[in-house]
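Q: Could you take me on a close look at one part of this model? I'd like to start from a single residue and then see how its surroundings fit into the rest of the chain.

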Amino acid sequence: MSGLQRAANIPELRKRILFTLIMLAVYRVGVEIPTPGINGDALAAFFEKNGGTLFGMFNMFSGGALENFSIFALGIMPYISASIIIQLLTVVVPQLEALKKEGESGRRKITQYTRYGTVLLSIVQGMFIAVGLEGMAGPGGEAIVLQPGIEFKLMTMLTLTSGTAFIMWLGEQMTERGIGNGISLIIFAGIVARGPSAIVNSIQLVKAGEITLFFVPFLLAFMFIIMALVVFFETSQRRIPIQYAKRVVGKKVYGGQSTHLPLKINVSGVIPPIFASSIMMFPGTIGQFVQVEWVQRASAMMSPGHPLYYLLYIVMIVFFCFFYTAVTFKPDDVAENLKKNGGFIPGIRPGKKTAEFIDRILTRITVVGAIYLSTICVLPTVLISKFNIPFYFGGTALLIVVGVAIDTIAQIESHLVMRNYEGFMKQGRIRGRK
């Protein structure tokens, strides 16, 4: 509470926090504004039936906007997809790689390409969703689209694309004028907003006797342990010592200081669980629409609760951890930059040997990060399938919530330390752990 009081006493920080809260409130209001031409009751019943498919995952990231089919139904997923695509293209397209190395001007250009990609993906996804809704029906056979036709398709495509573009603008404004990363905070708000309803459902299940009261304390303790584990690993680092040689320029001596190269245990963040979850939910989504015997059997084998599901899920998380780390972190570039600036790792020769050393360390910590991500993502599915836990606690959602919370608190603390040398918390600091 004293940290919040100190934050409120700084006018600039108070304005940034207030601006962020107002923008998040605007986003949550937009989630409740429905797109015209939809039977809301039939659509809600459809999502209740298909919660474990790709529809359920996209609905989670949109904060329930897809279930309501609001103007923000696509959420921020097109922007995330465009960002990942552009980031991967920088590895294979020389022009984009050159832009990435140009500094601030190159970054602005890549951001502009990401915006164009977001709009293009939103148009395509909006049209596919409109076409798909016309062929869908609720559990009782009732039509989801009230008046199908070209008018509905164009109106839906335009509405959803405009909604995504507005969310993207909100996120950029929050990043620039607020506190924290705007896009991440929007996803954070969408996930957290579904928490109260999950808690109410849990209480109702306890009253109905489907969850024993004796089991509740163990569930709460388990939740806190998982959250503490996520915080520990997300703030953990492997610090490689760096020494800079002394340089004499005129009458002044530069360099000679010691520092370190921090490597996060979880370098790839939440990207591997998102990719792996999307792929693993795809068979279940197909099984909802293709009523063929072998498709239904394959869909059942690829659903939570089956050993094959857990095995493939873990394999995909491990694969994407190594793949995304290899794409985003280049030991050769790091070694070259250290060599140019007169830095070296004690006991390791500059250049190729340094790159090999960093790559070896990175491989080891990526193994630890992959095991950590696999554990966090598999445990919730076990709870749901074996113990009938009524909400999805853990996995991608928990990683995003905890990661965004840590980053936002770190930014608030940096503002506090810069102005009064006292952080957000009396005990400890939001920083990397060795």
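A: Happy to. Let's begin with Y372: its relative accessibility is 4%, below the 20% cut-off, so this tyrosine counts as buried. Please keep in mind as we go that the model is a predicted one.

Y372 has an aromatic partner, F233. The ring centres of F233 and Y372 are 4.6 Å apart and their planes meet at 15 degrees; an angle under 30 degrees counts as stacked, so that is the label for this pair. The two rings come from distant parts of the chain, as F233 belongs to helix 12 (residues 215–234) and Y372 to helix 17 (residues 352–387), with their positions 139 residues apart. F233 has a relative accessible area of 18%, which is also under 20%, so F233 is buried as well.

Staying in helix 17, we can look at S374. This serine has a relative accessible area of 7%, and it is therefore buried. If we set aside the neighbours within four places in sequence, S374 is in contact with I314, I317 and V318.

Now let's widen the view to the other aromatic residues. The structure holds seven aromatic pairs, and the stacked pair of F233 and Y372 is one of them. Elsewhere, Y27, F72, F166 and W169 come together as one aromatic cluster.

Y27 from that cluster also takes us to a helix contact. The axes of helix 2 (residues 11–31) and helix 10 (residues 182–192) come within 10 Å and cross at roughly 55 degrees. That angle makes helix 2 oblique to helix 10, and the crossing is right-handed. On the helix 2 side, the contact is made by T20, L24, Y27 and R28, while helix 10 supplies L185, I186, A189 and G190. Sorted by class, the residues of this contact are five nonpolar, two polar and one charged.

A second helix pair is worth a visit too. Helix 8 (residues 104–134) packs with helix 9 (residues 150–177) at an angle of about 145 degrees, and their axes are 8 Å apart. This crossing, between helix 8 and helix 9, is right-handed. The contact of helix 8 with helix 9 has 11 nonpolar, seven polar and four charged residues.

For a residue-level view there, try M127, which lies in helix 8. Its relative accessible area is 25%; because that falls between the 20% and 50% cut-offs, M127 is partly exposed. Not counting residues up to four places away in sequence, M127 touches K153 and M157. The C-alpha atoms of M127 and T156 are separated by 7.3 Å, although the two residues are 29 residues apart along the chain.

Finally, let's step back to the whole protein. Its secondary structure comes to 18 helices and five strands. Of its 434 residues, 43% are buried, with Y372, F233 and S374 among them. Looking at contacts with a separation of 6 or more, 71% are between residues 24 or more positions apart. The pairing of F233 with Y372, 139 residues apart, gives you an example of distant parts of the chain being linked.

Notes:
Residues are numbered from 1 along each chain as its sequence is written. This is a predicted model: local features need pLDDT of at least 70, side-chain atom pairs count only at pLDDT 80 or more; totals for chains, interfaces and linings use all residues. Side-chain values use heavy atoms; hydrogens and water are left out. Axes are lines fitted to C-alpha atoms, for helices over the stretch in contact, and angles run from 0 to 180 degrees between N-to-C directions. Helices (H or I, at least four residues) and strands (E, at least two) are DSSP runs, numbered from the N terminus. Angles under 35 degrees count as roughly parallel, over 145 as roughly antiparallel, 65 to 115 as roughly perpendicular and the rest as oblique. A crossing is left-handed if the near helix is turned anticlockwise from the far one by less than a right angle, and right-handed if clockwise. Contact means heavy atoms within 4.5 Å. Ala, Val, Leu, Ile, Met, Phe, Trp, Tyr, Cys and Pro count as nonpolar, Asp, Glu, Lys and Arg as charged, and the others, Gly among them, as polar. Rings of Phe, Tyr and Trp (its six-membered ring) pair if their centres lie within 6.5 Å; planes under 30 degrees apart count as stacked, over 60 as edge-to-face and the rest as tilted. Buried means under 20% relative accessible area, exposed over 50%, partly exposed in between (1.4 Å probe, protein chains only).
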